[in-house]
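Here is a short walk through one protein chain, written for someone who would like to find their way around the model quickly. Have the structure open as you read.

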Amino acid sequence: MDVYFNAMDMDTDEERKVCLHCDRVQIFTDLKLSINDSMSSSFTPIRITSIPDGNELNKDIATITVI
């Protein structure tokens with residue numbers, strides 16, 4: 001999964017694009033839509049869980065790159 005977002009350099013006020021990359025993830029969401037009844041529609045924020053390879057602790061789970 002790749003997530004791109006904009007970041008601001010605090011020293012120079014330059015805008016930078018940043019990529020957060022995770023090799024393996026699980027994505028969970030609970031979305032309910034109801035036609036013509038806005039009171040019964042709901043949305044729970046998306047939750048993303050990274051899955052490191054292997055069973056050991058202290059694994060790299062993401063790479064952040066400034067473009």
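Is Cys-22 buried or exposed? With a relative accessibility of 8%, Cys-22 counts as buried; here buried means under 20% relative accessible area, exposed means over 50%, and partly exposed lies in between (1.4 Å probe, protein chains only).

Before going further, a word on the ground rules. This is a predicted model, in which local features need pLDDT of at least 70 and side-chain atom pairs count only at pLDDT 80 or more, while totals for chains, interfaces and linings use all residues. Residues are numbered from 1 along each chain as its sequence is written, and side-chain values use heavy atoms, with hydrogens and water left out.

**The chain as a whole**

The chain holds 0 helices and 5 strands, and its pattern along the sequence reads β-β-β-β-β. Helices (H or I, at least four residues) and strands (E, at least two) are DSSP runs, numbered from the N terminus. Of the 67 residues, 4% count as buried. The accessible surface of the chain is about 6,000 Å², and carbon and sulfur atoms account for 53% of that surface; such areas come from the Shrake-Rupley method with a 1.4 Å probe, and for residues only the protein chains shown count as cover. Taking contacts between residues at least 6 apart in sequence, 39% join residues at least 24 apart, where contact means heavy atoms within 4.5 Å.

**The sheet**

Three of the strands are easy to follow together: an open sheet of 3 strands has the order β1-β2-β5, with antiparallel pairing. β1 and β5 (63–66) stand at the edges with a single partner strand each, so one side of each has no neighbour in the sheet. From one strand to the next, the twist averages 25 degrees; the axes are lines fitted to C-alpha atoms, and angles run from 0 to 180 degrees between N-to-C directions. Strands of a sheet pair through backbone hydrogen bonds, either parallel or antiparallel.

Two strands are said to pair if DSSP finds at least two bridges between them. Strand β1 (residues 2–8) is joined to strand β2 (residues 15–21) by 7 bridges, and β2 is joined to β5 by 4 bridges. The table lists some residues that face each other across these strands.

| Residue | Opposite residue | Strand of the opposite residue |
|---|---|---|
| Asp-2 | His-21 | β2 |
| Asn-6 | Lys-17 | β2 |
| His-21 | Thr-63 | β5 |

**The β1–β2 hairpin**

The hairpin of β1 and β2 has 6 residues between the strands. Asp-13 sits in that loop and has a phi near 60 degrees, a positive value in a residue other than glycine. Most residues other than glycine have a negative phi, and most peptide bonds are trans. Asp-13 is also exposed, with a relative accessible area of 58%.

Which side chains meet in a salt bridge? Those of Glu-14 and Arg-16 do, at 3.6 Å from N to O. A salt bridge here is a side-chain nitrogen of Lys or Arg within 4 Å of a carboxyl oxygen of Asp or Glu, and a search of the whole structure finds 1. Side chains of opposite charge can pair when their charged atoms come close. Glu-14 is partly exposed at 39% relative accessible area, and Arg-16 is partly exposed at 35%.

**Around Met-1 and Cys-22**

Met-1 lies in the segment before β1 and counts as partly exposed, at 28% relative accessibility. Leaving aside neighbours within four places in sequence, Met-1 is in contact with Leu-20, His-21, Cys-22, Val-25, Ile-27 and Ile-48. The C-alpha atoms of Met-1 and His-21 are separated by 5.8 Å, although the two are 20 residues apart along the chain.

Back to Cys-22, which is found in the loop between β2 and β3 (25–32). With neighbours within four places again left aside, Cys-22 is in contact with Met-1, Ser-50, Ile-61 and Ala-62. Its C-alpha atom is 8.6 Å from that of Ile-51, which is 29 residues away along the chain.

**A nonpolar patch**

Finally, turn to the surface. Ile-27, Ile-46 and Ile-48 make a nonpolar surface patch of about 290 Å². Patches are made of residues with over 30% relative accessible area and no salt bridge, with like charges joined within 9 Å and nonpolar side chains (Val, Leu, Ile, Met, Phe, Trp, Tyr) within 5 Å. Ile-46 belongs to strand β4 (residues 42–50).
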